[in-house]
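Q: I am new to this structure and would like a close look at a single part. Please start with one pair of charged residues and follow the links outward from there.

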Amino acid sequence: MNTSKRQLFGGILLFVAAALALLMANSPISDGYHQFASLELLKGSAIFLFFLSVGIELRHEIVSGSLSKPRQAVVPIFAAMGGMAVPVVIFSAINFGQDTAAGWGIPMSSDMAFALGILAIAGRWLPKQVRTYVLTVAVVDDSLTILMIAIFFASSFHALSLFSLAGVLVGLLVPALAKFQVGLDNIVAFVALPLFAIMAAGVSVDHLSEDVSWTLVIGVLVAMVIGKPLGVIGTTWLVTKAGLGKLPNGVVWKDLFPALLVFGMCFTLAMVMTELSFGANESLHALANVSVILGCVAIAIISSIALSVRKATRIE
């Protein structure tokens, strides 16, 4: 299966898996579902495989891809950094001084699989150069998230943080794994990420407190839907305008702007961060997960509309 089809069907499968998790968590089989979802070794294994593929892709980009050319590498690196900093600042400002401020990392990282899935569904017409730039920023984004987990969460020895770190380090430091990348990408797209979605997205309404922490909900939604795309787009524009780097040949802003909106799609790593931040607080954990799902639905609709409008007005 080629890359575009894998991204298309993998993205659809993720949506289906998340929806299935919500149904099972609020059905007569909810007890069995929650027992299954609590299998940390299985959940960690899925995340390990995902970050293993990220590590392999990062090594490829550094050795022979977009990150091998300093003048082109600086733009996606700064774009990923801006895309992480802006939503963190927005969320932290909204939740300043409250217990919910611990969730600052939730809107920090985009979901590469979901984002590429949206592009595969609504942006198949995009030039290859645009899609390559989006992928490069996404790889750097996920890699920087691992750095943040290593700095702020590894000391807690939470299983997900350790599996995440191990995956990206093995993928980055073991060159021989590159020959398995295609097969691994298929396993991640069709097994590991849907499995993680099923285990992480199942929010039971019984776990939601009647006293809703609206700052948490608003913080996640605003940071995801506005802050994340704004950080990536704004930093890309600033770095290129300042002459610090340049976009790949053939990339124009009218195509790039709607494509970069997909970076507001924070799911897999956002679910990891909700557990790392609020795993001990059932109601906040559930509310954070619901907020992430609502943000994903919103950005999926917004980015799909933007891509469709650009396609309709684009002159070949």
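## A salt-bridge network and its setting

A: Glu40 and Lys43 are about one helical turn apart, because 3 residues separate them in helix 3. The model is a predicted one. In it, this pair forms a salt bridge, with 3.9 Å between the closest N and O atoms. That value falls within the 4 Å limit for a salt bridge.

How covered are the two partners? Glu40 has 28% relative accessibility, so Glu40 counts as partly exposed. Lys43 has 4%, so Lys43 counts as buried. The cut-off for buried is under 20% relative accessible area.

Lys43 has another partner. Its side chain also meets that of Glu275 in a salt bridge, at 3.1 Å from N to O. Here the sequence positions lie far from each other: Lys43 is in helix 3 and Glu275 in helix 11, so this pair ties together parts that are 232 residues apart in sequence. Glu275 has 11% relative accessibility, so Glu275 counts as buried. Put together, Glu40, Lys43 and Glu275 are linked in a network of salt bridges.

The whole structure holds 5 salt bridges. One of them joins the side chains of Lys228 and Asp141, at 2.5 Å from N to O. This pair also links distant parts of the chain: Lys228 sits in helix 9 (residues 214-241), Asp141 in helix 6, and their positions lie 87 residues apart. Lys228 and Asp141 are both buried.

The helices of the network appear again around a pocket. The second largest pocket has a volume of about 400 Å³. It is lined by 21 residues, and His34, Gly202, His207, His285 and Asn289 are the closest to its centre. Helix 3 and helix 11 (268-278) each give two or more residues to this lining, as do helix 2 (30-37), helix 8 and helix 12 (282-313). Helix 12 supplies the largest share, 4 residues. By class, this lining has 8 nonpolar, 9 polar and 4 charged residues.

Helix 3 takes part in another lining too. The largest pocket holds about 900 Å³ of space. Its lining has 37 residues, and Thr3, Gln7, Glu57, Leu116 and Leu135 lie nearest the centre. Two or more lining residues come from each of helix 1, helix 3 (40-64), helix 4 (70-94), helix 5, helix 6 (128-152) and helix 8 (181-200). This lining divides into 13 nonpolar, 17 polar and 7 charged residues.

Helix 1 and helix 5 lead on to the surface. Which residues form a nonpolar patch there? They are Phe9, Ile12, Leu13, Val16 and Ile121, with about 400 Å² of accessible area together. Helix 1 (residues 3-25) gives the most to the patch, with 4 residues. Ile121 lies in helix 5 (residues 112-122). Ile121 has 39% relative accessibility, so Ile121 counts as partly exposed.

Back to the starting point. Lys43 bridges to Glu40 and to Glu275. Glu40 is partly exposed, whereas Lys43 is buried and Glu275 is buried.

Conventions:
Residues numbered from 1 in each chain as written. Predicted model: local features only at pLDDT ≥ 70, side-chain atom pairs only at ≥ 80, totals over all residues. Heavy atoms only, no water. Patch = residues over 30% accessible without salt bridge, like charges linked within 9 Å, V, L, I, M, F, W, Y side chains within 5 Å. Areas by Shrake-Rupley, 256 points an atom, 1.4 Å probe, with all protein chains shown as cover. Buried < 20%, exposed > 50% of the residue type's maximum accessible area, 1.4 Å probe, protein only. 1 Å grid on protein atoms, 1.4 Å probe; cavity = no way out; pocket = protein on both sides within 12 Å on 5 of 7 lines; lining within 4 Å. Points joined across faces, edges and corners; volume = space filled by probe spheres on them. Nonpolar A, V, L, I, M, F, W, Y, C, P; charged D, E, K, R; others polar.
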